[in-house]
Amino acid sequence: MSVTSSRKISTAVAAQQRGHSLDRIFYKDEDIYQAELDQFFLKHWIFAAHTSQIPDIGNYLNLNFDSESIIVVRSENNEIKAHLNICRHRGSRLCIEDSGTTKRFTCPYHAWSYRLNGELATARNMPDDFDYAENGLHSVKLELVGGLIFISLSASPPSLKAMRNDLGGLLSHLGIDRLSLAHQKRYVIQANWKLALENYQECYHCAPSHHEFAKIHAMAKSPEVYQKLKSEYWAKYPNNIKFQQFSRYFGLAEHGQEGYQYDRNPLLPNKVSGSKSGAAVAPFIGDLESYDGGASELMIGPVSFFLIYDDHVLGYRFLPLSKDQCVCDVFWFVVENAHNGRDYDLDQLTWLWDVTTQADKTIIANNQKGVNSRFYKSGRLSEMETFQQCFLDWYLQMLSPKAD
Amino acid sequence: MSVTSSRKISTAVAAQQRGHSLDRIFYKDEDIYQAELDQFFLKHWIFAAHTSQIPDIGNYLNLNFDSESIIVVRSENNEIKAHLNICRHRGSRLCIEDSGTTKRFTCPYHAWSYRLNGELATARNMPDDFDYAENGLHSVKLELVGGLIFISLSASPPSLKAMRNDLGGLLSHLGIDRLSLAHQKRYVIQANWKLALENYQECYHCAPSHHEFAKIHAMAKSPEVYQKLKSEYWAKYPNNIKFQQFSRYFGLAEHGQEGYQYDRNPLLPNKVSGSKSGAAVAPFIGDLESYDGGASELMIGPVSFFLIYDDHVLGYRFLPLSKDQCVCDVFWFVVENAHNGRDYDLDQLTWLWDVTTQADKTIIANNQKGVNSRFYKSGRLSEMETFQQCFLDWYLQMLSPKAD
Amino acid sequence: MSVTSSRKISTAVAAQQRGHSLDRIFYKDEDIYQAELDQFFLKHWIFAAHTSQIPDIGNYLNLNFDSESIIVVRSENNEIKAHLNICRHRGSRLCIEDSGTTKRFTCPYHAWSYRLNGELATARNMPDDFDYAENGLHSVKLELVGGLIFISLSASPPSLKAMRNDLGGLLSHLGIDRLSLAHQKRYVIQANWKLALENYQECYHCAPSHHEFAKIHAMAKSPEVYQKLKSEYWAKYPNNIKFQQFSRYFGLAEHGQEGYQYDRNPLLPNKVSGSKSGAAVAPFIGDLESYDGGASELMIGPVSFFLIYDDHVLGYRFLPLSKDQCVCDVFWFVVENAHNGRDYDLDQLTWLWDVTTQADKTIIANNQKGVNSRFYKSGRLSEMETFQQCFLDWYLQMLSPKAD
């Protein structure tokens, strides 16, 4: 980044008023977008998939955003690996299908082929001094968190150790490693990625915009009602491992650790899961044996979120396509070996968050139209947008890191 | 605007040869486009609508161009007001429908609601020190000219006083305040807005390109024939208030007044209105009691034009969507209380200018394709493009204002 | 071009490693794209059409790329002329149809009309001092090579003399002046033009990607097999004028000559033409009386290629639409007076190169997706990409010319 760009960004970060929505420049400036790619999407951990999505050797899937494409594959020795989806010869996309099964990755252009572990296997008619060992696929860092596959495009990504220490037992109890994907859907949103992510971070809009969600989740209530319900809910389950709170960004970041967040929140009385009626919708996950009337919120890294009901798990991932367009990828997970039609009904399972995410897609696009105006001014946040403020603080810190 | 951009624009203005079409830079340069937004579209008066389009309290409509959106509404106390269409909270578009009726403007995102006069009415869960009075909608300047609603996004727009002095009695005689909208249509044109506006400003293209128009309007004839017809026409109606000429841009602009233009031009013999055959097409407007075989041309501010036949009125408004795309909004007005099917036939009323504007849409897009070429050179204007030259002079003066 | 841009380009050219694919900057940088327009597309010779495509006075066709449009027309005195497709008045595209027949070019806007030779014929109502002689269409340089029409947008294009000296007799023997167009098709490719042109320049991808082509052409074999087949093929036809090799770029360029290349390559045994089965597909071209089992490759200037079978001729022309999009125009020529249905079957004639070019369109777009990644690194070229390397050398030399 040029000195000019860097100074522009620092100035913008310094000018941003706390307790207010972001200034227009953060949604409109191409240099800031490029800095976000550098500081977030090419550095931090991004949820790629659940291991159950690629159960067998040779199963692969691609993760795409902006100009980047990453292959996640179960390799020959049953290890999960990630590679850049770029042939080392002339740079063609290697893996064209979004997911599939293969013995090797063979470039559709000149047929260079790579082993699942990324090693170059064959390249015809190369000069004598051509070194196969130096022409394997560019490797991408990958870590498993329970069964969740995270990738980072950085050579030295933040450590996940603190997160594992805090959440390891909990994720195991919730059976995050024993899920299977029931459904996945990509929502393309005509807006800067932060408008989508901010939307996910606050429930101030839930009551007016998401009647369906507001009938199930206590979080859509006013702070007073919500806090009362939450206190009563937590009081009912003392010493339950699910009832913990972590909001770990700032101190951790200083020590090279990835940020994360975890909390447990009540549903409304007599609701037990994220379905149309709030009734149970699938078999219990993990070690759970009864509904407790709540759901857990989990965030690992800046753009990957999980909503953990007692009988299914939602994943949400926010990725930019360009400065003005992003996607929200939504994943619906159920306990492993559960089958649609027998153990759950896919339409019922996916109804609530499909209708909610579709509504958000429209809401967020309208937000973008408004911030496009030269006359948009950052506005005051409500008391129901404190988690969003928390995220904005982290965002601003990450965007304009202190010189080492 | 940066010093570099400012200097580039001054240089371009100085290099532009009079009597020639604009140099390529004026159609292609993004900095010039941004300066045009500043100097024209965010400063001068723009025709928004006729008061009859929002007759009742709560009726509203939106005016959109580039990234901006303005709500024009008849407010609680029956006053017409204009607000920026941006929620003061997180900046969402507030009013999504292009027109409608409402008691309040309620944001589709977090449900902040505003009174029709722009005051913030409700905002849930805001901090104690939140000041409602400071969070009303951004107000947009608005003036009524007869029944014509003009808005300006400037805090200190040019004055309309000179225009009112010259045209007040005339507009009243023509009954501009006693019209109703019969039809409105938006034509999206794949060209810089000036190519569309220049097209409107000259009738050199009318004979070859608009056979329909050329059968009705004397203006499509050669200057000699046209001037002869005009002299004869004016001689027939001495002391008639409709027969006046104003071309007021330059001296006025120096005194902070908005520019305007008015003239009365003959139709061809035996033609009385802008219909397919030139026959009458609707009841008389204003105080008129007979056809005089002509029509008035009126321009108020740089992008709003009116063509006033004895029995109906056309409005034309040119607005940019981006540097390379614009719209021409066309309005057809008839006398108030006239009804389609009884007093006029809508298809007959709209035929001439729909066919003409559609042809212009194609012509103008082809003009843009040509000026896109690196080899395009500004060409000599004809004797039938003097009004366009007049506009270009004003445009260049506005684009590169003298330092105060 | 600014000094900054010029220095950026020189730095990129110097940093480019030989024997490797181009660095990312050459596919992504807008300044480099503009320099390419200056150094290639606005300077060198581009194949426009065959004279047989405009046999009669008044026949015209347009050549379009990026923002430019050129009219090629057979003028009043039976000479072929090229003009910029821009009206000298206000710059409208003059000739809207891609091809046709006309007595004059009349502007669709204000009806200025031009003779076929480009002279301004009529312009209504112009000022007295308007000079017709100075307002003819901008002339574009044009040369005929056999019946091939080449145009250059430069005022002083490279000379075609060396090429004529080397290839004149050969082109005459092949009857290039005695062809007629059987079919033409434009393939729009979502990639930088160089990725398309590089694709055409190497046959390393033929075996894996073009099974249809690889069944006919020896060039798809490994270098050893191919060279053996080529030696045997050349040995069979000593002293045949078709068997020549020219690869003339570098020395020539220094003397202001246009570059060119010619070679003759074998088909596979028992194949005689570029059809589905390799069988004959049309009457012999030129002075040919028998199939020799090969085809000639001809390149004139940087973006125009010809593949000359014994019974038909393919033309390929690569032109940019923008930095990220280009076209490959493919022409199928047969001997003059050959008729579809009688002398050849159009579907059989066009099958091989339509299926091949459609496959390339996809391959090339995938290549662009890969080079879009920040992680793409220029890769090692194979022994089957030597002609591409030859082109890259020429490209880099042309892009960053030595100061005179």
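A residue counts as buried here if 20 or more other C-beta atoms lie within 10 Å of its own, with C-beta atoms placed from the backbone. Keep that in mind as we walk through this predicted model.

**A covered helix**

A good place to begin is helix 5 of chain A, residues 193-201, which is mostly covered: 9 of its 9 residues are buried. The buried residues of this helix are A:Trp193, A:Lys194, A:Leu195, A:Ala196, A:Leu197, A:Glu198, A:Asn199, A:Tyr200 and A:Gln201.

**The nonpolar core**

One of those names comes back when we turn to the largest nonpolar core, which has 332 residues. The members that touch the most other members are A:Val72, A:Ala196, B:Val72, B:Ala196, C:Val72 and C:Ala196. Which residues does C:Ala196 touch, leaving aside those up to four places away in sequence? They are C:Ile189, C:Ala191, C:Phe318, C:Cys326, C:Cys328 and C:Ile364.

**A sheet in chain B**

Chain B offers an open sheet of 7 strands, paired in the antiparallel sense and ordered 11-17-16-15-14-13-12. At its edges are strand 11 (179-189) and strand 12 (246-248) of chain B, each pairing on one side only. On average, neighbouring strands of this sheet are turned by 20 degrees against each other, direction ignored.

Looking inside the sheet, strand 15 (residues 304-308) of chain B pairs with strand 16 (residues 313-322) of chain B over 5 bridges, in the antiparallel sense. B:Phe305 stands opposite B:Tyr316, a residue of strand 16 of chain B.

**How the chains meet**

Now for the contacts between chains. How is chain A related to chain C? A rotation of 120 degrees, with 0.0 Å of shift along its axis, superposes chain A on chain C with an RMSD of 0.0 Å. That is the relation of a three-fold axis.

Chain A and chain B each give 23 residues to their contact. On the side of chain A that touches chain B, helix 6 (206-209) and helix 10 (346-371) of chain A each supply at least two residues. Helix 10 of chain A gives the largest share of that side, 6 residues.

The contact between chain A and chain C takes 23 residues from chain A and 23 residues from chain C. The table sets out both sides of chain A by residue class.

| Side of chain A | Nonpolar | Polar | Charged |
|---|---|---|---|
| Touching chain B | 8 residues | 11 residues | 4 residues |
| Touching chain C | 10 residues | 8 residues | 5 residues |

How values were computed: Residues numbered from 1 in each chain as written. Chains lettered and ligands numbered in written order. Predicted model: local features only at pLDDT ≥ 70, side-chain atom pairs only at ≥ 80, totals over all residues. Contact = placed C-beta atoms within 7 Å. Helix = DSSP H or I, 4+ residues; strand = E, 2+ residues; numbered from the N terminus. Nonpolar A, V, L, I, M, F, W, Y, C, P; charged D, E, K, R; others polar. Least-squares fit on C-alpha atoms with pLDDT ≥ 70 in both. Core = buried A, V, L, I, M, F, W, Y, C linked by C-beta atoms within 7 Å. Buried ≥ 20, exposed ≤ 12 C-beta atoms within 10 Å, placed from the backbone. Pairing = 2+ DSSP bridges. Axes fitted to C-alpha atoms, helices over the stretch in contact; angles between N-to-C directions.
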